[in-house]
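Please describe the fold of this protein, the open and enclosed spaces in it, and the setting of one asparagine.

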Amino acid sequence: MFLFSSLILALTGAVADAQPTTAEVRATVERSIPYIEKQGLWWIEQKKCASCHRVGTMLWSLQAAKQHGFTVSDRLQEWTDWANDKALTKNDKGQFAGTTNKEGVVQLLFAAAPTDMDPETRKKLIGLLREDQNPDGSWKAGGQLPFQKRPKPETDTVSTMWLMLALLTAADDPANQKTIQQAQSYLDKSKPGKSTEWYVLQLLLATSQKQNQQRDQLVQQLQSLQHDDGGWGWLTDDPSDALGTGMALYALRKAGVDTQAEPVRRAEKFLIATQKKDGSWPVKGTKAKKKGSVQETAVYWGTTWAVIGLLECLPQ
């Protein structure tokens, strides 16, 4: 009886330790696509808004899925054109809508490879990011982001890092060079954050700028924040969720961490295990007043980021 029990325990442990297969990762992504499309289209049709609440990561995740051979809606280009046009349309105050939604513009820029976007449209979108930079080199976080459950200065810093990351994709344009230098000066003085997103952006910037020693240090730092269940919380001290895990997985892969590395496999395993039947992941609100319960916007962000992160683990 003892030997039989020991064998059962050993087999159970082997199953528990089994690493995700490519087929399992693909099935997880495929299960999410209808949810992302349905909820994203609802936002477009009902809210008629291209803000970072929804459309940016919708397009980013779907475009990435398409590039990896997944079947997505044949309306994807229509939605992309609509969002780009929306950002470049002036509001009733004579401002381009994208200037008040710079984080969303960044997402639109990363949703498509530079060669897949009309060069003039891309240039105009990047130009929106240079607007309203503070004298210290930072930008104020837009929309409802300042109400998130982390210190407001950190949210401004994260927005600044996202904008700088996008501007670095066009760093050869003289119009962007001074803006990037000012942003870097501000970031050099910033304090460590409390959110996984802060560490993710630090790593993405170091990778983008080919700062290899700093990149390797940040990889170790981000991996040290991984929880025992394989995930990350959006705040480093929060329980694991799809939002923090998807972002961390994306950054680690962009930094060159191998798909067979233990932190990557554990993150994949966490996301596969915690996905709901409808293709989404439960994520508690990122706003200070709604941090105690699962919120629909946070669920959408987490679901799109989980897909973005998992796609980075698949062969091209």
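From the N terminus on, the elements run α-α-α-α-α-α-α-α-α-α-α-α-α. The model is a predicted one, and it has 13 helices and 0 strands. The radius of gyration is 20 Å, and the globule rule gives 20 Å for 316 residues, so the protein is as compact as a globular protein of that length. Along the principal axes, the C-alpha atoms fill a box of roughly 80 × 45 × 40 Å. Buried residues make up 53% of the 316 residues. Of the contacts with a separation of 6 or more, 66% join residues 24 or more positions apart.

Confidence comes next. The average pLDDT of the protein is 93, and 94% of the residues score at least 70. Over residues 1–16, by contrast, pLDDT stays under 50. For that stretch the model has 1 contact beyond four places in sequence.

The table lists the spaces with their volumes and the classes of their lining residues.

| Space | Volume | Nonpolar lining residues | Polar lining residues | Charged lining residues |
|---|---|---|---|---|
| Largest pocket | about 590 Å³ | 13 residues | 6 residues | 3 residues |
| Second largest pocket | about 290 Å³ | 8 residues | 8 residues | 3 residues |
| Largest cavity | about 260 Å³ | 11 residues | 6 residues | 3 residues |

The largest pocket holds about 590 Å³ of space. It is lined by 22 residues, and those closest to its centre are Trp60, Phe110, Tyr250, Lys254 and Glu312. Five helices each supply at least two residues of this lining: α3 (55–67), α5 (102–111), α9 (196–208), α11 (242–254) and α13 (296–311).

The second largest pocket has about 290 Å³ of space. Its lining counts 19 residues, with Cys49, Ala50, Ser51, Thr100 and Asn101 closest to the centre. Here α4 (76–87) and α5 each give at least two residues to the lining. The largest share, 3 residues, comes from α5.

Which spaces are enclosed rather than open? The structure holds 1 cavity of 30 Å³ or more, and about 260 Å³ of space lies in the largest cavity. Its lining has 20 residues, of which Gln107, Leu145, Trp162, Glu197 and Met247 lie nearest the centre. Two or more lining residues come from each of α3, α5, α7 (152–167), α11 and α13. With 4 residues, α7 provides the largest share of the cavity lining. Helices α3, α5, α11 and α13 are also among those that supply at least two residues to the lining of the largest pocket.

Last is the asparagine. Asn176 is found in helix α8, which covers residues 174–188. Is Asn176 buried or exposed? Because its relative accessibility is 0%, and buried means under 20%, Asn176 counts as buried. Apart from neighbours within four places in sequence, Asn176 is in contact with Ile126, Arg130, Leu167 and Ala170.

Methods
Residues numbered from 1 in each chain as written. Predicted model: local features only at pLDDT ≥ 70, side-chain atom pairs only at ≥ 80, totals over all residues. Heavy atoms only, no water. Buried < 20%, exposed > 50% of the residue type's maximum accessible area, 1.4 Å probe, protein only. Contact = heavy atoms within 4.5 Å. pLDDT = per-residue confidence, 0-100. 1 Å grid on protein atoms, 1.4 Å probe; cavity = no way out; pocket = protein on both sides within 12 Å on 5 of 7 lines; lining within 4 Å. Points joined across faces, edges and corners; volume = space filled by probe spheres on them. Nonpolar A, V, L, I, M, F, W, Y, C, P; charged D, E, K, R; others polar. Rg over C-alpha atoms; globule rule 2.2 N^0.38 Å.
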